[in-house]
Amino acid sequence: MLVRFWGVRGSIPVSGADYARYGGDTACVELRTANDDVVVVDAGSGIRRLGSRLIEEGRKDLIMLFTHVHLDHILGFPFFRPLYQEGTHLLIFDCPMAQGDMHTLLSTMMAPPFFPIPLGDVKARVTHSQACAMEGEITISSMEVRSIPLSHPNLGLGYKFTEKDKTFVFLTDNELGHHHRGGATYKEYVEFCRDADLLVHDSEFTKDEYRQTKSWGHSTYTEALRLAQDAGVASFGLYHHNQDRSDHALDDMVEHCRQIVAADGGGPECFAVYQDQEITL
Ligand SMILES: [Zn+2]
Ligand SMILES: [Zn+2]
């Protein structure tokens, strides 16, 4: 599978010279399966550019999943141009959200006075699959997909995508240092990530910042690294970069992760995910 990151920032889009390398758009990940299907995870501001790319390519059949509906993960949805194209079919896998079904949630965000074009008026055909269960595995295109509840305010889901013996785990907005109601235990996250080829995990805070931000729903990058180490993953990507984190500060976090891994005598390859990064598994 090909994994492409259209947005890597948390909370709010940012712009400016300090963010030029890692990028300022919020969460949106595209997966291209071995069957050549397009699966989009989250609709943060990064989905705007993805939409233009899909129209250029003439893609009409699209699949979507959501981790949760905090604003940074849905704010790009109304600006996803394929929605306004005749002939587009958007199939949304309604993995169970604590707040209700995705159609109602997305309709609410696009209803006046928040947005001028109601979801019911878009040209695309939007359908929903209820196949996604909290427990167990579903098949999407040529991938097996498993979900796990996030430790996050208002809940959410993390996903594990497996195709041709390669595994990508996406756990954004997951706080390892605090148990939110409904979230999994640390041990369960370790098992979920076990031996993954790639783990992309919320790494929003430094240890110092976390003294102020504990229980806000996000992890420190050192806790996320520990999960990557305990689960024996091959590659660990820091994700959900704080809106105030400059490129240089992210470089420092990556460097620190690499030092920890080296001091431990080996472990995952560490990097901070950047906007437009493509990883083939
Ligand atoms: Zn977020
Ligand atoms: Zn969130």
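Me: Is the crossing of α3 and α5 left-handed or right-handed?

Reply: Heads-up: this is a predicted model, so local features need pLDDT of at least 70 and side-chain atom pairs count only at pLDDT 80 or more, while totals for chains, interfaces and linings use all residues. Residues are numbered from 1 along each chain as its sequence is written, with chains lettered from A and ligands numbered from 1 in the order in which they are written. A crossing is left-handed if the near helix is turned anticlockwise from the far one by less than a right angle, and right-handed if clockwise. For α3 and α5 (helices are DSSP runs of H or I, at least four residues, numbered from the N terminus), the crossing is right-handed.

Me: How is α3 angled to α5?

Reply: Their axes (lines fitted to C-alpha atoms over the stretch in contact, with angles from 0 to 180 degrees between N-to-C directions) come within 8 Å and cross at roughly 60°. Under 35 degrees is roughly parallel, over 145 roughly antiparallel, 65 to 115 roughly perpendicular, and the rest oblique. That makes α3, relative to α5, oblique.

Me: Which residues in α5 does α3 meet?

Reply: Contact takes C-beta atoms, placed from the backbone, within 7 Å. From α3, Y189, V190 and C193 take part. On the α5 side they meet L227, D230 and A231.

Me: Which are the edge strands of the open sheet?

Reply: Strands are DSSP runs of E, at least two residues, and two pair if DSSP finds at least two bridges between them. The seven run β7-β8-β9-β10-β11-β12-β13, with mixed pairing. Pairing on one side only are β7 (137-140) and β13 (269-272).

Definitions and conventions. Contact = placed C-beta atoms within 7 Å.
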